[in-house]
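Student: Could we go through this one together, please? I'd like to start with the strands and then turn to the charged side chains.

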Amino acid sequence: MSNIVSAINSIVSGVRALRHPQRKLSGFARNEDGNIFILFAFLIFVLVGFVGAGVDYTRFHDVKSDIIESMDAAALAVVRYQAKNPDLDEAALKDYGRRFFHENFRYDSQIEALEIDFTITSAKVIASVDGSMKTTLLRLGFFDEFDMHTTNEIGKPGSGQVELALVLDVTGSMGEYAGGAKKIDSLRDAVDNLIEVLDEPLADENAKIAIIPFNNYVNPGGASSWRSTWGDTNAQAMYHGARFFHVDQNGNVDMDVPVNHYNLFDSVPGTDWMGCVEARPYPLDELDTPPGSGASSSTISGALSTPDSLSSPGNTYESRAAQAFTDAPSASASTSQLTSSANSRWVPMFVTDGLDCDANWRGRCPYFHGNSYWSRTDTFTINGSPTSINYWRSWFVDPSYDGQNEGSYENRNFIDDEAYIGYYGGTPTARYAKIVSDFRNLGQNPYSLSGDHQAWKDMLSDYGIQYNSEFYDTDITSSNDSSTANAKEYIMRMAYVGWWDPGSETYLHKFNLNPSIDESISDSDSSMLGPNLDCPAPILPLTNNVTTIENHMDKLFPNGATNSANGAIWGWRVLSPGAPFTEGASYDDSTWQKAVVIMTDGVNTAYDRSTHFETNPTTYGYGIEERMGQGINDYDEMRDEYDNKLLRICQRMKDEQILVYTIVFGLNNSETEKVFRSCATKPSEPYYYKAPSGSDLEDAFGEIAENLQQLHISR
């Protein structure tokens, strides 16, 4: 390299002469035969510039990197030295830091006016380096030196300054055992270990912890202020009431009036909304956009694109994360819907009732006699006139569970089905019989629908029921076929919520038939029933109160299926400074490090259901609704998309400089392990752990806490 530089310097000497005609080259300049040489000399000058830039910028990068590494090491050394020698004065600490820097820095001779200084506070050490480095070849272009000014900031042990969201799996399998201990108890012990490690930062208000329990659902709305502040109180969001239809006080179906889930809860005696919400329209379900204000179209388009941070994956796990963006479905909602303020709010979860009948008990609904379901004709007084209606005793049979008893149904007992099929009769049967009669009449003339009837048809079409010449097929023997009358009337039963009573602002003659839901349900029970089916304990926002954290952990109970993506997005929302949770520090406040721990003991799942609904209820409704994106409409597709959603959410958190720790507990599943490795900040400890037993889980939480308490470079 030195020979090349010497040769170039010789050429440059000639070029410099060309730039000074007074140096006895005036005759040469007047000789036109020399133009080629001048052009050649100019090109050589340009070449020298490129070579010089490469040489000098390489030197600059090497020296700058060494400055940063030496400065980080020196600042860390000062903190550790002070911890061992708390009586040393500031001058002695600074002197120690300077000597430590020089021992590690390899380029002292190349830096002019080198100055190293330290600012030492009770919580951190700030190191700064000033100086300049002379260029070599770039001086020909009048660029003489590089400014080498650099600063960093190191937090001290115990200063903490960490906001930590614990996203914890509380699904039904957490009631099982791993390594001789109940998983939910092992989780409590593990969080206790984490708190113990972070005890001093928590006490000094330098650390805050949030708890986000998740299963299929997350419960962010238990606070009384949620309903009026962030909930969709006016039922304007596109999914609010989409599975139900409104019947006015005169018994007429009015599809222009959305069924408000808050009113449904008011209609079930003794039952309050616990706080679980449905997911927002995709891709808003993966974003931390504030409720009450519409997202921009650029935000929506950006969410559907692969981020720059994954444009060139560096390993298998980054490739898996990138694939999650590549495989993302198209949104089911339009851009105008996604950018509306109404769809930015959350809809309270209201899970419909399961069957309360016993198909094997003759005399109770549905009455099965021989090879057919018994039908009957009753006369009811409707709107003052006697009306004769023929109806099946099998109105409420779920086609997938024909012949099974009520214990097979996942949600039951907050209405009484028998009252609707003539076993009790009376007002509930009469009111509902009119709706069924109207429904059947629509089927007799499917090509002349208008107004509310057309809207009714459109809603039912979303569940796979088409109005055609065979709309009302009385053959109910092949009950798994969604074209049968049995299946159609089951959809009607699920969508019907009673008649609206303006005086009480509730729906009557359905949910109030059986006010006793199940008073035996306790926090330790995994069979929570009713409209709050499987709703977990609420989110605990960021706090440094250890007693509050420990008490909240005691409230967790195992139930429901697994959707870790839904847990992760609420972990992000709890950490962010914006609504609906505002306890988090600003992203611009570098004194706080945000981190999330995502722990699961199972694979993501949406239970299969071999009916027109495709799945059991989820935070996205039923599979057939395709609320996770176009084409995502059954168990397998939803399960895979849960994995992809988790990866996309994790990547967005990492792009916000949030540290992501993941733990797989008591589980052997290669795909889930790969997903959780790909989700983590790095695919190995201390960011990813596989914990076979409760003691391993406790160790993992403890090591994560120690890692967070370790000194981190925040600026």
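Tutor: We will take the sheet, then the helices lying across it, and then some salt bridges, keeping in mind that this is a predicted model.

Student: OK, in what order do the six strands of the open sheet come?

Tutor: The order is β15-β8-β5-β16-β17-β18, and the pairing in this open sheet is mixed. The edge strands are β15, residues 540-543, and β18, residues 688-691, each of which pairs on one side only. From one strand to the next, the twist averages 15 degrees.

Student: And how many bridges join β5 to β16?

Tutor: Seven bridges join them, with β5 covering residues 162-169 and β16 covering residues 593-600, and these two strands run parallel. Within this pair, Leu 166 has Val 597 of β16 standing opposite.

Student: Which strands does helix α5 lie across?

Tutor: Helix α5, residues 183-197, lies across β5, β8, β16 and β17, and its direction makes an angle of about 175 degrees with β5. Helix α17, residues 635-655, lies across β16 and β17, running at about 160 degrees to β16.

Student: Switching topic, how many salt bridges does the structure hold?

Tutor: It holds 23 salt bridges. One of them is between Lys 645 and Glu 286, with an N to O distance of 2.9 Å. Because Lys 645 lies in helix α17 while Glu 286 lies in the loop between α8 and α9, this pair ties together parts that are 359 residues apart in sequence.

Student: Are those two buried or exposed?

Tutor: Lys 645 is buried, with a relative accessible area of 1%, and Glu 286 is also buried, at 1%. Salt bridges that share partners join these two with Asp 285, Glu 641, Arg 648 and Arg 652 into one network.

Student: What about Asp 95, which residue does it form a salt bridge with?

Tutor: Its partner is Arg 99, and the closest N and O atoms are 3.0 Å apart. The two are separated by about one helical turn, because they are four residues apart in helix α4, residues 90-104. Asp 95 is partly exposed at 37% relative accessibility, and Arg 99 is partly exposed at 43%.

Student: One last pair, then: where do Arg 320 and Glu 671 lie?

Tutor: Their side chains meet in a salt bridge, 3.3 Å from N to O. Arg 320 lies in helix α10 and Glu 671 in helix α18, so the pair ties together parts that are 351 residues apart in sequence. Arg 320 counts as buried at 13% relative accessibility, whereas Glu 671 is partly exposed at 34%.

Terms used. Residues numbered from 1 in each chain as written. Predicted model: local features only at pLDDT ≥ 70, side-chain atom pairs only at ≥ 80, totals over all residues. Heavy atoms only, no water. Pairing = 2+ DSSP bridges. Axes fitted to C-alpha atoms, helices over the stretch in contact; angles between N-to-C directions. Contact = heavy atoms within 4.5 Å. Salt bridge = Lys/Arg side-chain N within 4 Å of Asp/Glu carboxyl O. Buried < 20%, exposed > 50% of the residue type's maximum accessible area, 1.4 Å probe, protein only.
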